[in-house]
Structures are given as C-alpha cells and as structure tokens.
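Student: I would like a close look at one part of this model, namely its charged side-chain pairs. Please take me through them slowly, in one connected answer.

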Amino acid sequence: MAILVTPIKMPSTAPSASVPQGQHEPRPDPQALTSNPDPSQNAPTDVDYTPHPESSLKVPPEREAIVKAITNLYSGSASEEDMRVYAEKAVYDDPWSFCDTRYKIAGQWYGIPKLFASTKTLATEIVENSADTIAWKQTQDYTPKLVHFSKPVNSLVTCTLDEEGKVVYHKDQWNHKDYSHEGLGKVMKTLNGDYLTGVTKPPKDL
C-alpha cells in the first residue's frame with residue numbers, strides 16, 4: 001500500500017492538506033458508479049465491481065500516474081517512489097485497516113511481499129474523475145505464501161486528492177457498504193494500522 005501541482009488563479013475545489021481528515025473522506029455511491037445496465041451482471045445489491053477496461057474514463061497523465069502507483073503497491077512493489085503518491089498525513093481505509101499517516105500506510109503495503117507469493121492487478125476501470133477525486137474498479141489476484149491458490153478480489157477504490165495532486169484519503173470498498181468508523185471494528189482497524197509498521201518495517205523517512 002505509500003503509498004499511497006502568476007496568472008490569476010481560480011480557487012481550487014480540491015481539499016487542502018490542513019483540512020481535518022474527516023472532511024477529506026470520499027463517500028462514493030457504489031450503485032451510481034458501478035451498476036451495470038445489464039441487471040444480470042450486478043450483485044444483489046445492484047453493484048458491479050468487475051472492471052470493464054473498455055469502458056474506463058479517459059484521464060490526464062497525472063491521474064494515470066496515481067492509478068499506476070497505487071496498483072503497483074497492491075501488486076507488491078513496496079516502493080518509496082510509489083508511496084510518494086500519498087500526502088504525509090494521508091488516510092488509508094479498507095475492511096481491515098485504518099491508517100492516518102503515509103508511514104502507517106506504508107506499513108500495510110510493505111507487508112504485501114511478506115504475506116503473498118504473488119499479487120497482481122488483473123484489470124481496472126476508472127469510473128469517476130472529478131476535481132478532487134478519482135475512483136476505479138479493480139480486480140486484484142492474491143496468492144498467499146502458505147497456501148498456493150489464487151483469489152481474485154473485486155473492489156471499488158476511491159481517492160481524494162489535495163491541491164498538489166497528492167492522495168489524502170484512499171478508500172477501498174469490497175462491497176456496497178461504506179464504513180461507519182464506530183465500535184469494535186473501527187478499534188481493530190486502527191490498531192492494525194498503528195502497529196503493523198513494527199512488523200513490516202517500512203523506511204522511517206516515509
């Protein structure tokens with residue numbers, strides 16, 4: 001995962017890095033973004049997280065670079081260069097982890113090569129590209145080291161960007177439900193984010 005721009009300039013709609021993290025959090029509408037016109041292709045919750053690359057939105061090179069860096073991290077790059085796509089105080093949020101700095105996010109991504117014999121991005125489809133947000137559907141194939149079978153996982157990845165084009169919030173949803181940030185689940189996610197760096201040992205200067 002570190003992680004996970006003097007003529008008169010119009011005010012940016014992108015969030016500033018000084019804005020509290022909660023205001024950066026994307027709240028995507030999975031049905032609106034991913035529902036397939038063919039109902040038979042949708043899950044019972046009316047979402048279709050299977051990427052259709054031929055339908056991907058066209059985006060400028062700097063946005064393509066963000067998607068590339070993050071899919072590299074999903075695929076085990078554990079690269080400092082790829083990690084620089086994130087702002088220093090970025091958030092990573094998935095079903096298992098909540099990280100609130102780039103260094104903690106690196107703790108997740110640097111664990112990928114330790115846990116998996118291989119992991120690769122099979123396909124992506126960009127479904128949103130707005131002033132401060134980019135979102136894509138993704139299929140990631142994971143092969144654990146201890147049990148050599150592959151498991152493809154479809155998800156919706158949504159990233160909020162700051163004024164410099166850095167990722168300030170990275171949300172990875174595996175189903176149609178958003179995260180509540182409440183209760184025992186949030187506590188466990190935060191503990192995972194806080195302490196995994198002690199195991200995976202990402203570079204301190206991240």
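Student: How many salt bridges does the structure hold?

Tutor: In this predicted model, the structure holds seven salt bridges. As background, side chains of opposite charge can pair when their charged atoms come close.

A good place to begin is the pair formed by K171 and E25, whose side chains meet in a salt bridge at 2.7 Å, N to O. K171 belongs to strand β6 (residues 167-173), whereas E25 sits in the loop between α1 (21-24) and α2 (30-34), so this contact ties together parts that are 146 residues apart in sequence. Both ends are enclosed by the protein: K171 has a relative accessible area of 0% and counts as buried, and E25, with a relative accessible area of 13%, is buried because the cut-off is under 20%. The contact also belongs to a wider arrangement, in which E25, R27 and K171 are linked in a network of salt bridges.

A second group can be followed through K137. The side chain of K137 meets that of D48 in a salt bridge at 4.0 Å, N to O, a value worth reading with care, because the definition asks for a side-chain nitrogen within 4 Å of a carboxyl oxygen. This pair links distant parts of the chain, with D48 in the loop between α2 and α3 and K137 in strand β4, 89 residues apart. D48 is buried, with a relative accessible area of 4%, and K137 is likewise buried, with a relative accessible area of 2%.

K137 also forms a salt bridge with E125, where the side chains meet at 3.2 Å, N to O. Here K137 in strand β4 is linked to E125 in strand β3, the two being 12 residues apart, and both of these residues are buried.

The strands that carry K137 and E125 deserve a look of their own. Strand β3 (residues 116-129) and strand β4 (residues 133-144) pair in the antiparallel sense over 11 bridges, and a hairpin of three residues joins β3 to β4. Within this pairing, S118 has T143 in β4 as its bridge partner. When you inspect the model, you can therefore trace K137 in two directions: to E125 in strand β3, and to D48 in the loop between α2 and α3, 89 residues away.

How values were computed. Residues numbered from 1 in each chain as written. Predicted model: local features only at pLDDT ≥ 70, side-chain atom pairs only at ≥ 80, totals over all residues. Heavy atoms only, no water. Pairing = 2+ DSSP bridges. Helix = DSSP H or I, 4+ residues; strand = E, 2+ residues; numbered from the N terminus. Buried < 20%, exposed > 50% of the residue type's maximum accessible area, 1.4 Å probe, protein only.
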